[in-house]
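Here is a short, friendly tour of one protein chain. Have a look at the sequence and the 3D view first, then read on.

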Amino acid sequence: MQRFYEVMFIVRPDVLDEDLDKLIAGLETTITGGGGAIRSIEKLGRRKLAYTVRKFNDGNYVLLTVDADGKLIAEVERRLRVIEPVIKFITVRMDEETKRLDKVKALRASRKKLSAQPIAAPAPLAAAVEETPAPAAAVAPAAAIPAETVPEAATATV
C-alpha cells in the first residue's frame, strides 16, 4: 500500500555538492526501483544544528517527499543508517499527519469565533432617561393619599 512519507536527512557539512547529488541519486534509484515514487527533492542547504551530532555543529539538510510502502521506507532508512556522510535522518508518515491536521481544521472551523462577531453598543443612559417620561400615576396617588395614611418609605421618595 502506497503511503506518503517525508524523509529528511542531514549530511556532513564537508561533503561536496557532487557527492551529495550522487547520494541523492542513489536514494532515488532505490525508491523508484522498489516501486515507489518521488514527489520532490529539496536541498535546504547548510544550517546550524540544534546540538552537536558526531562532532558537527552544521549540516546540509535534504528533504525527500516519497510515495512508497513501508518495506521500501525501511530499506531507505537502512541505507541512510549505513551511508557514512549522513549524520541524522527522520522519516515521517505524512498521510496520518495530513489526516490529523484536516481534523483540527474542521474542528476549528466548526467553532464560532467570538472576536469576529460585532459587539452591540450599549444605549446611552442619559438619552434613555430623557425619552421615558416619569409615570404620572406613580406620583399622583401619593399626593392624593392623606399624610397620616402614607407609610414612611412612600413619603421619603416624594
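What share of the 158 residues of the protein chain counts as buried? The figure is 24%. Keep in mind along the way that this is a predicted model.

## The overall layout

Let's start with the building blocks. The protein chain has six helices and four strands. If you walk along the sequence, they turn up in the order β-α-β-β-α-β-α-α-α-α.

How does the chain touch itself? Take the contacts between residues at least 6 apart in sequence: 72% of them join residues at least 24 apart. As for the outside, the protein chain exposes about 11,600 Å², and 59% of that area is supplied by carbon and sulfur atoms.

## Strand E3 and its partners

Now find strand E3, which covers residues 56-68. Is E3 largely enclosed or largely open? It is largely enclosed by the rest of the structure, because 10 of its 13 residues are buried.

Strand E3 pairs with two other strands. One is E1 (residues 3-11), which runs antiparallel to E3 and is joined to it by nine bridges. To spot this pairing, look for Phe4, which sits opposite Asp67 in E3. The other is E2 (residues 37-53), also antiparallel to E3, with 11 bridges between them. Here you can look for Lys43 facing Val62 of E3, or for Lys48, whose bridge partner in E3 is Asp58.

Strands E2 and E3 form a hairpin with two residues between the strands. In this hairpin, Arg54 takes a positive phi near 50°.

## A closer look at Asn60

One residue worth a visit in strand E3 is Asn60. Is Asn60 buried or exposed? Its relative accessibility is 12%, under the 20% cut-off, so Asn60 counts as buried.

And what does Asn60 touch, once its neighbours within four places in sequence are set aside? The list runs Phe9, Ile10, Val11, Arg12, Pro13, Val15, Gly45 and Arg46.

## Charged pairs

Next come the charges. Side chains of opposite charge can pair when their charged atoms come close. How many salt bridges does a search of the whole structure find? It finds 12.

One of the salt bridges brings together the side chains of Asp21 and Lys43, at 2.2 Å from N to O. This pair links distant parts of the chain, since Asp21 belongs to helix H1 (residues 17-33) and Lys43 to strand E2, 22 residues apart. Asp21 has 37% relative accessibility and counts as partly exposed. Lys43, at 46%, counts as partly exposed too.

## Salt bridges within helices

Some of the bridges stay inside one helix. In helix H2 (residues 70-82), Glu75 and Arg78 are three residues apart, which means that about one helical turn separates them. They form a salt bridge, and their closest N and O atoms are 3.0 Å apart. Glu75 is partly exposed at 25% relative accessibility, and Arg78 is partly exposed at 41%.

Helix H3 (residues 94-110) holds Lys99 and Glu96, again three residues apart, or about one turn of the helix. Lys99 and Glu96 form a salt bridge with their closest N and O atoms 3.9 Å apart. Lys99 counts as exposed, because its 54% relative accessibility is over the 50% cut-off. Glu96, at 38%, counts as partly exposed. There is a wider web here as well: salt bridges that share partners join Arg3, Arg93, Asp95, Glu96 and Lys99 into one network.

## Around the rings

What about the aromatic side chains? A search of the whole structure finds zero aromatic pairs. There is still a ring to look at, though, and it belongs to Phe4. The charged end of Arg39 sits over this ring, 3.8 Å from its centre. You have met Phe4 already, as the residue opposite Asp67 in E3.

Conventions: Residues are numbered from 1 along each chain as its sequence is written. This is a predicted model: local features need pLDDT of at least 70, side-chain atom pairs count only at pLDDT 80 or more; totals for chains, interfaces and linings use all residues. Side-chain values use heavy atoms; hydrogens and water are left out. Buried means under 20% relative accessible area, exposed over 50%, partly exposed in between (1.4 Å probe, protein chains only). Contact means heavy atoms within 4.5 Å. Accessible areas come from the Shrake-Rupley method with a 1.4 Å probe; for residues, only the protein chains shown count as cover. Two strands pair if DSSP finds at least two bridges between them. A salt bridge is a side-chain nitrogen of Lys or Arg within 4 Å of a carboxyl oxygen of Asp or Glu. Rings of Phe, Tyr and Trp (its six-membered ring) pair if their centres lie within 6.5 Å; planes under 30 degrees apart count as stacked, over 60 as edge-to-face and the rest as tilted. A charge sits over a ring if NZ of Lys or CZ of Arg is within 6 Å of the ring centre and within 35 degrees of the ring normal.
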